[in-house]
Amino acid sequence: MDFGLTEKQIMIRKITREFAEKHIAPVAEESDRVSELDPNVMEKMKEMNYFGTCIPEEYGGAGLHNDTIAFAICTEEIGRVDASWSITTGVHCSVCTYPIYRFGNDEQKEKFLIPLAKGEKIGAFCLTEANAGSDAGGVQLTAEKEGDEYILNGSKIFATNGGIAGTLLVVAKSGEINSRKQLTIFIVDTDTPGYSVGVKEDKLGVRASNTSELVFQDVRVPEENILGGLSNGFRLGLQILDFGRITIAAQCLGLAQGCLEASVKYSNEREQFGTKIGKFQGIQWKIADMTTDVESARLLTYKAAWMCDQKMDYGLSGSMAKLVASEAAMKAAHQAVQIHGGYGLMKAYPVERFFRDAKMGEYAVVSAA
Amino acid sequence: MKVFVCIKQVPGVSEVKIDPKTNTLVREGIPSIINPHDKHAIELGISIKEEYGGEVIALSMGPPQAEKALREVLSMGVDKAYLLTDRAFAGADTLATSHTLALAIKKLLKETNVEQKYIVICGTQAIDGDTAQVGPELAEELNIPQITYVLKFRLEEDDKVIVERAFRTEEVVEIETRLPVLVSVVKEINVPRMPGVQGIVNAYQNKEVIYLNADDIGADKSEIGLNGSMTEVWKIFIPEKKVDHVVLTGTIDEMVRELCINLHDDKVI
Amino acid sequence: MSIIIDSEQCTACESCIVACPYGGIEIIEGSAVITPDCNLCGACVDACPVEAITLERTEYIDKVDKSQFKGVWVIAEHYGGEIHKVAYQLLGKGRQLADILKTDLTIVILGTNFDQILSSFGDYGADRVIYVESKILKHYYSDIYVNLLSDLVSERKPEIILIGATPTGRDFAPRLAKRLNAGLTADCTGLEIEEETRNLRQTRPTFGGNLMATIRTPISRPQMATVRPGIFKASNETKKKIKIIKIEKDLNETDSVTKVLKVIKKQKTTVNLEDAEIIVSGGRGVGSKEGFKIIKDLADALGAELGGSRVTTELNWVEPDRQVGQTGKTVSPKLYIACGISGAIQHLVGMQNSEIIVAINRDKDAPIFGIAHYCLVGDLHEIVPILTKEVRKIKSED
């Protein structure tokens, strides 16, 4: 048994933390306010290869395809300062780019993977509809075959990255009846005629992350864009979401860590009744609980990532990690605001944003409720 | 062309604090970092390679933990890294340090059998010692020209080197010389790149940090480490706290005058 | 030389670990152990309460015949035909050292057109001036300086050489030290003589100013030190009759491997609060955008950067990138002057690590006074202009 990180993983954490603090943290509040990702940060994120983290170098990626722990660390460290960016790259990598690498054929990798891994195109995974989401069998967006093309009709909602995406993985009903066995995943280029972005959601938290409605009206997709075989969508989708859960767990873990650090810092600065509030046992208890929650979430998240790298079945571990981490984030955010008192409600302190951002983790990639 | 960059791993001294109760240094949790000036030296090295070609070689003298610093610069794009590590190097002052670095550079130059066309780049000074001495001393050992406090650097044909050197606060001198040359750079020269994830993966999977000890570089034990040093640290102590809490009294003129006398004594004005 | 730890004596109290600046010592199995990070500085020896640690020094074996080296030298530098003021300050200190050593004080000038002022150095305590004259020395050349000075030193053998820690001094001093194989200590803030050994004890800040180190060169001569401008005071208390040694050199550009192409005047660059040595900040108490003029005047007089509290940047009294505090910059200058800033926690976290904090505020109970070193209770509109005037006066005297 070995709980130590490799030197490479430690370096990735160090650099990602430096990057996040230097470039993401200073603009996070403003991005949250305007509900947009900062374009300068976007360019820098591309240079740092955060859009190709778990893709091999030959496809333009960073080469962490066999090191999911390192990928989780990147997501965690970005999430430590800004959940919106963590979600953006996390979703792009885990439920769009990585699935194409894992399930795609050589032509698909050549065509779609390289621009995604370089960040030239942003990726999204489109499952949720008005009446389907956690219940994937209820998907109603249809794919009808005509010649060697499929014609997509319907709409998706709550698609993370949807409005800024260049490449989508779309789960569609490719048969007559509503059945899990009739689902197929299509790779869709967003400049295909008939595709349009609908409403951009105005959210409580992770506001800078794009969440949009996507509309498909007679969108013609060539047969060769089917990912992993016709009618294989449900099985594939589950595996994609399994990997996605590790990412969400890592993002929540980062957020919880951010809350913890902000609370420790504030407790050592703020004086009341003639002493630092960190000297009060009431505060110390809260911080001890947060620390324990964060560490539990970290162990589960890294274990799931480790199992993934060992080619073991990590589905259950990933789900547990996501459950524990998302709850740790909520609790930590709540306590962090509590510790900050009135200042916790002010935008001058990042915990105000963390508090709103934390809720999302409980729903993303299948609700934990 | 070979571009040697000398770096040092240092404690992040800006995070060092003195415990006011015990008047001792609080060392806990102080990270080891690459000397900030040296990152600018690395950036210049890599940009020279990108513009004019060549090979960037990082050198560091220090304990085995300094490998981390070298891995970081390999991640940034340095081609090769050498760690000079040996108990015999310990306690070196700047004279012994520059001698050790010079031996390593000469060895590496000899190995490749190329004409002596090279550049050595250093950061102006290290934040732990702040001496700014190793660069010029190294240039003397290598018997090559030195230009310190460099703000701009460019190469022209016939190995001509043109640099801008910070001279006084608001004055810069443009200087010309020829390769080989040693330059020490100031922070204003560039913005060091951050290593991307790909660079880090590369540094750990495809590059290595080569360890060199005193024998490897053919050092005479009397000329390295403490034995090779002319200076010795006789005493280290924590400076007395400059001022406490003084409430100035009297008329405004009196308060101001007393303040100025105090600030002058404290050497801040 | 090595650190010896008596593990029987050691009580594993960790005093040494706390004292070690390099993380070079740790406790393993109940006793202190030296790690590869040890720099042999000896801080642990002084810290050990039970004398379990000793620094075993190898015997000092002189590398040169030290008795041959006599006299204190100051190397002057010059810009635009004027001797840099640090040379006069070094003469002040050099005179004291020379008196203790019962030897004489020499100022060395490499330059041109200085004949007129040479005799005036006697007024600052110099016994002798060595003036190397050549047209080319109007500019500074690294290699020519080192060549000329190493010849002079080898020939005349001074025991102490003092040099200003300016970009010029810090350029040639190390190279000269290397060529002479002499010990050199940078940026000294204190210089003392050990009378019996004639060793120079050179004290300097290290470790980012958190520690002071006293350095000696016991086995060799000359002993070289650089000193920052402003550390010592020029003095004309001891006047000496000066002896002038003029050496004319026929040098030209080909004697240097470098060529000065041109001198460029630089404009002062943008706001850089983080690196500023002095910051003068204003808060709500300043009252208005116009009110900031007096704050700015003080900053200008001090050569300082201007800062502001959050409210002042939000009200647009000062530019946003000058904000100090939680949502602005975190700064740690040598001197921070807070004018009309009450000291909300959000401001304090951004500046509490400043070395010296001066607070000017009307409210004697303002939290800023809790962390300030010098407290002036009163109206900043009255105090600041008087302070500015006083600072200008001091500056003009220096």
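A residue is taken as buried when its relative accessible area is under 20%. The model analysed here is predicted.

By that criterion, 13 of the 17 residues of helix α3 of chain C are buried, so the helix is largely enclosed by the rest of the structure. Helix α3 of chain C covers residues 85-101. From its first C-alpha to its last it reaches 25 Å. This is close to the 24 Å expected at 1.5 Å a residue. Just after the helix, C:K102 adopts a positive phi of about 55 degrees.

One residue of this helix was examined individually. C:Q89 lies in α3 of chain C. Its relative accessibility is 11%, under the 20% cut-off, so C:Q89 counts as buried. Residues up to four places away in sequence were set aside when its contacts were listed. C:Q89 then touches C:R228, C:P229, C:G230, C:I231, C:F232, C:K233 and C:A234.

A loop residue of chain C gives a contrasting case. C:K135 is located between strand β9 (128-133) and helix α4 (142-156) of chain C. At 64% relative accessibility, C:K135 counts as exposed, because the threshold for that class is over 50%. C:K135 and C:G303 are separated by 168 residues in sequence. In space, their C-alpha atoms are 35 Å apart.

At the domain level, chain C is divided into domain 1 (2-56), domain 2 (66-255) and domain 3 (273-397). The C-alpha centres of domain 2 and domain 3 of chain C lie 39 Å apart.

Chain A is likewise divided into domains: domain 1 (7-117), domain 2 (123-233) and domain 3 (235-362). Between domain 1 and domain 3 of chain A, the distance from centre to centre, taken over C-alpha atoms, is 20 Å. These two domains of chain A are in contact. Domain 1 contributes 29 residues and domain 3 contributes 30.

In chain B, a pair of helices was analysed. Helix α1 (residues 36-52) and helix α2 (residues 67-76) of chain B pack at an angle of about 35 degrees. Their axes are 10 Å apart. The crossing of α1 past α2 in chain B is right-handed. On the α1 side, B:K39, B:I42 and B:I46 make the contact. On the α2 side, B:E72, B:V73 and B:M76 do so. By class, this contact between α1 and α2 of chain B has four nonpolar and two charged residues, with no polar ones.

Notes. Residues numbered from 1 in each chain as written. Chains lettered and ligands numbered in written order. Predicted model: local features only at pLDDT ≥ 70, side-chain atom pairs only at ≥ 80, totals over all residues. Heavy atoms only, no water. Axes fitted to C-alpha atoms, helices over the stretch in contact; angles between N-to-C directions. Helix = DSSP H or I, 4+ residues; strand = E, 2+ residues; numbered from the N terminus. Left-handed = near helix turned anticlockwise from the far one by under 90°. Contact = heavy atoms within 4.5 Å. Nonpolar A, V, L, I, M, F, W, Y, C, P; charged D, E, K, R; others polar. Domains from an automatic or database assignment. Expected span 1.5 Å × (residues − 1). Buried < 20%, exposed > 50% of the residue type's maximum accessible area, 1.4 Å probe, protein only.
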